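Welcome, and thanks for coming along. Open your viewer, and we will go from one selection to the next.

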Amino acid sequence: MVAGDYLLAGLVAMLTGLDRVALVQAMISRPLVAAPLTGWLLGNPMIGLEIGMLLELLWLGRLPVGAAIPPDDTQVAVGATVLALSVGPLLGLHGMPMVILAVLVAIPLGKFGQVFDRLARHVNDRLAVSGENALLAGSTRGMERNHLFGLASFALASLATALVIVLVGSFILYEAAPFLIGAVREAGLSLQYSLVLVGAASLLGTINVNRSISLFCAAFTGTLLVLWLG
Amino acid sequence: MSIVLARIDSRLVHGQVLEAWVPYVNADCIVVANDVVAGTSFQRMVMQAAVPSSVKLIIGTLEETASILSSAELLKKRVLLLFASSDDALKARQLGVSFPKLNLGNMHSSAGKDRYTCTIALDQEDIEKLQLVEDQGVTIVSQCVPADREQNWHKLVRSGGR
Amino acid sequence: MKERGLSWLTLTRMYLRSFLLQASWNFEKLQNLGFFYLILPGLHSLYGDELPEEVCRRHGGYFNTHPCFAPLVAATVLRLEARSLAGEDLAVDVETYKSMVMAPFAAMGDALFWGGIRPLAALIGLLVASQGSLWAPVVFLVLFNLPHLVLRGGGLLLGHMQGLNAIETVQKCRLPDLAIRLKESTTILIGILCAYLSYKGCEHQSLSVVWGFVLLPVVLLFAWMAHKGVTSLFLVLLTTSSLLLLALLF
């Protein structure tokens, strides 16, 4: 990756980050979209798609509402894609093992996203007050300005999260990848599947439907039988 | 009839109640006991629109709901009972509605109230009324959603407001 | 005095502004500025360039509802403003209306979009992605955004045309029931996805497919743990570290 690529990745981080809450919510912030998008702009959409698949379900059940702030899966997706495409070639690693390493390093770092997000919303507390004051003083322009400034705090929070994931993630990968890569290759496909299955189980466990378990079991058994006998 | 949850929530029917509490306590009937809401046909309609048809919604004045709750109508239902304020909870108790435990969910702040948690603000009058409810043998706890920890309200009040 | 309507240009501007509703989301007042920003074009066309102070006071405070339903609320609010400006007596005044509807609409939107449509669209996208197709993100975006964009625009027009009666139309749609159907479909797709992965796993290890059934209780156990509040992060660390350990030992 060259300097221009990092700049591009930063822009994607801010744009997808804004989509989480502040702007449109068209769901380009979901890992299944954000990671392939990042990969595509950096020249490798497939690696992004693989990363997106592994991450999509993990926090899908967490509602983006009220005061509850879920881990920043958007920046985990963007960051993991950047890590796989930047650190991978330097360490001579590519393909699925590198994808898994990048994702495993990025996931815990997503916690930083919660911290920065909270910070951004507290900055907005001040905007809300000064915007309301501007309104009462008769300045709708001042209110609009305060409102739109909120976008800057959300964008910066996203950029900061992506930066932490890429910088700290690179450092960890340089140190740990040589030790782990053997085991990752050995465990292979099972690691990849386990991430998707954990995500599926989390979603299943938190979805609010009375019959969720029986529906799930019926669908699982039916599908596997068809695949087995079919 | 069994009241599986009695709760004070100034937002009454909203996401926390429908998405979190209803499945958690497995309720199939929500009773909203509030004189103002019962008298506003528009608000009754809005609330009805938000509740899935698998859950029965009853909205009435305090007296109406007290008599419905003691009648045979809801014999087989698992009832989630909602009040808007400490005042309503106390009045319902005095009208003979019995619940072993009272959950404090959202009690919005307004002038003269002290905030005790993110979602609970009380004034002296609230505290006195809740004390009267407790004196009748009701355990009072604060818990916003099932994922939060349940806490006795005395702990809350002792810790002081801001 | 006759009630003033809103022009198409104003409605279009409000539609576009609805995408910025949460630009300044904050803990203190949530969507207060966002809601004012959303109705501002409409307020200007009712009251002219200088807004009366009580109008600013009325709409600058605490507000919070689901973003997809905000245009409906906004359009209804402007209808009420227009009617009271025309000197009509309102059955429900503007402030009461806002305070009454924000929580129920928030509940409907959360159930429909975050609980229903988004997981279902994502699961369908994942099934496409499991075939290695780069169409997956496109499929997901289209499935989510069709209802999303239609509801924002439809709500705006509905509130504009029907005012307070819009709620009756919404009630007839039985959206909470639809949300439950969508969630049920999602659980079925989760089952299909898990079964497909077990099948691929067995195939890869050249095991009999019967071994795939072993995964069923494992997924159920994890789902139960998630239901009890165990976080995804913990489950990921647990499974990957045990798999890596197994790989190192054998």
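Start in chain B: select Arg7(B), then Asn103(B), the residue of β5(B) that stands opposite Arg7(B). Keep in mind as you look that this is a predicted model.

Now widen the view around that pair. Select residues 2–9 of chain B, which form strand β1, and add β5(B): the two strands pair in the parallel sense. Three bridges hold this pairing.

Next, select residues 139–142 of chain B to show strand β8. This strand also runs parallel to β5(B), and four bridges join the two. For a place to zoom in, pick Leu104(B), which has Ser142(B) of β8(B) standing opposite.

Stay with β5(B) for one more step and highlight residues 101–106 of chain B. Is this strand largely enclosed or open? Five of its six residues are buried, so β5(B) is largely enclosed by the rest of the structure. A residue counts as buried here if 20 or more other C-beta atoms lie within 10 Å of its own.

Now move to chain A and colour it by secondary structure. How many helices does chain A have? There are nine, with zero strands, so expect α after α as you follow the chain from the N terminus.

Zoom out until the whole of chain A is in view. Its C-alpha trace spans about 70 × 50 × 25 Å along the principal axes. Of the 230 residues in chain A, 57% are buried. Finally, take the contacts in chain A between residues at least 6 apart in sequence: 73% of them join residues at least 24 apart.

Definitions and conventions
Residues are numbered from 1 along each chain as its sequence is written. Chains are lettered from A and ligands numbered from 1 in the order in which they are written. This is a predicted model: local features need pLDDT of at least 70, side-chain atom pairs count only at pLDDT 80 or more; totals for chains, interfaces and linings use all residues. A residue is buried if 20 or more other C-beta atoms lie within 10 Å of its own, exposed if 12 or fewer, and partly exposed in between; C-beta atoms are placed from the backbone. Two strands pair if DSSP finds at least two bridges between them. Two residues are in contact if their C-beta atoms, placed from the backbone, lie within 7 Å.
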